[in-house]
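This report goes through one protein chain, its helices, its sheets and a few chosen residues. Please keep the sequence and the model open while reading.

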Amino acid sequence: MSKNDTDIVGYTIAYDQDDIQFPVYAMTCIAVVLFAAGIIKAVPILALVGLLPAAVAFYNLPLLEKGRPRLGSGQYGLFVEGLGLVSWRAVDSIEIVDRVERGVTSQDLRIELKKPIPDALLADWRVRPLVRRLMRLPWRMASKTVIEIPLDVLDRPAAEIKDNFLRMWRFNRGR
């Protein structure tokens, strides 16, 4: 069984590298320009305003990391970066739900658990270094027993992710 999220074996999914890098680089450029303009023009408020796009770029920095698994599944359960390894026996259902925000529809993988997260985890990876705590995670908790994973930033199609997770869940949950 995996001791941490760097030695994962099984079906893994990373962030999609095609469309999501540009906003991070754009925010970084805006931050550098504002900060440099504030220093050159001796306008401290301009340099401080540059901290906002820098913070947005820093938060989204994991989107640039290539090849690092963000979630996946193996014989022991479902693993999610920054959360841990969720036992297959603790999973109650896996489904795709549509989420509408500001007129844009996106798909989330909704994983309902039979018990709360601390009881469902085989390996707990929620403790991270301070620097990583300030960065994006590939999941959010909808309730104490529901994990939602946005699928629009991942490198595999939503239907493929759901089908593979369901297949592995059905095969491994009795073990």
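Where does tryptophan 125 lie? Tryptophan 125 is in the loop between strand S7 (121-124) and helix H5 (130-133). The model is a predicted one. In this model tryptophan 125 has a relative accessible area of 9% and is therefore buried, the cut-off being under 20%. Tryptophan 125 and glycine 84 are 41 residues apart in sequence, yet their C-alpha atoms are 4.5 Å apart in space.

**The chain as a whole**

The protein chain holds six helices and nine strands. Its C-alpha trace spans about 65 × 35 × 30 Å along the principal axes. The chain has 175 residues, of which 42% count as buried. Among contacts between residues at least 6 apart in sequence, 68% join residues at least 24 apart.

**The five-stranded sheet**

One open sheet has five strands in the order S1-S2-S3-S4-S7, with antiparallel pairing. Strand S1 (11-13) and S7 are its edge strands, each pairing on one side only. On average, neighbouring strands of this sheet are turned by 15° against each other, direction ignored. Helix H6 packs on the sheet and touches S1, strand S2 (71-73) and S3. The direction of H6 makes about 150° with that of S1.

Within this sheet, strand S3 (residues 77-80) and strand S4 (residues 84-87) form an antiparallel pair over four bridges. In that pair, leucine 78 stands opposite valine 86 in S4.

Serine 87 is also found in strand S4. Is serine 87 buried or exposed? With a relative accessible area of 15%, serine 87 is buried, because the cut-off is under 20%. Leaving aside residues up to four places away in sequence, serine 87 touches Tyr76, Gly77, Ala120 and Leu122.

**The four-stranded sheet**

A second topic is the sheet of four strands, which is open and has the order S5-S6-S9-S8, with antiparallel pairing. Its edge strands are strand S5 (91-101) and strand S8 (140-143), and each pairs on one side only. Neighbouring strands here are turned by 30° against each other on average, direction ignored.

S5 pairs with strand S6 (residues 104-113) in the antiparallel sense over ten bridges. Arginine 99 stands opposite serine 106 in S6. Helix H6 (residues 158-172) lies across S5 and S6 and runs at about 165° to S5. H6 thus appears with both sheets, as it also touches S1, S2 and S3.

At the other edge, S8 and strand S9 (residues 146-150) run antiparallel and are joined by three bridges. A hairpin connects S8 to S9 through two residues. Serine 143 stands opposite valine 146 in S9.

The strand pairs described above are listed here with their bridges and one facing pair of residues.

| Strand pair | Bridges | Facing residues |
|---|---|---|
| S3 and S4 | four bridges | leucine 78 and valine 86 |
| S5 and S6 | ten bridges | arginine 99 and serine 106 |
| S8 and S9 | three bridges | serine 143 and valine 146 |

**Helices H1 and H3**

How do helix H1 and helix H3 lie relative to each other, and at what angle do their axes cross? The axes of H1 (residues 21-40) and H3 (residues 51-59) come within 8 Å and cross at roughly 150°. An angle over 145 degrees counts as roughly antiparallel, so H1 and H3 are roughly antiparallel to each other. Their crossing is left-handed.

On the H1 side, the contact is made by Val24, Met27, Thr28, Ile30, Ala31 and Leu34. On the H3 side, Pro53, Ala54, Val56 and Ala57 take part. The residues of this contact divide into nine nonpolar, one polar and no charged.

**Aspartate 16**

Aspartate 16 has its place in the loop between S1 and H1. Which residues does aspartate 16 touch, not counting residues up to four places away in sequence? They are Val153, Leu154 and Asp155. Aspartate 16 has 17% relative accessibility and therefore counts as buried, the cut-off being under 20%. Aspartate 16 and leucine 63 are 47 residues apart in sequence and 7.8 Å apart in space, C-alpha to C-alpha.

Conventions: Residues are numbered from 1 along each chain as its sequence is written. This is a predicted model: local features need pLDDT of at least 70, side-chain atom pairs count only at pLDDT 80 or more; totals for chains, interfaces and linings use all residues. Side-chain values use heavy atoms; hydrogens and water are left out. Axes are lines fitted to C-alpha atoms, for helices over the stretch in contact, and angles run from 0 to 180 degrees between N-to-C directions. Angles under 35 degrees count as roughly parallel, over 145 as roughly antiparallel, 65 to 115 as roughly perpendicular and the rest as oblique. A crossing is left-handed if the near helix is turned anticlockwise from the far one by less than a right angle, and right-handed if clockwise. Contact means heavy atoms within 4.5 Å. Ala, Val, Leu, Ile, Met, Phe, Trp, Tyr, Cys and Pro count as nonpolar, Asp, Glu, Lys and Arg as charged, and the others, Gly among them, as polar. Two strands pair if DSSP finds at least two bridges between them. Buried means under 20% relative accessible area, exposed over 50%, partly exposed in between (1.4 Å probe, protein chains only).
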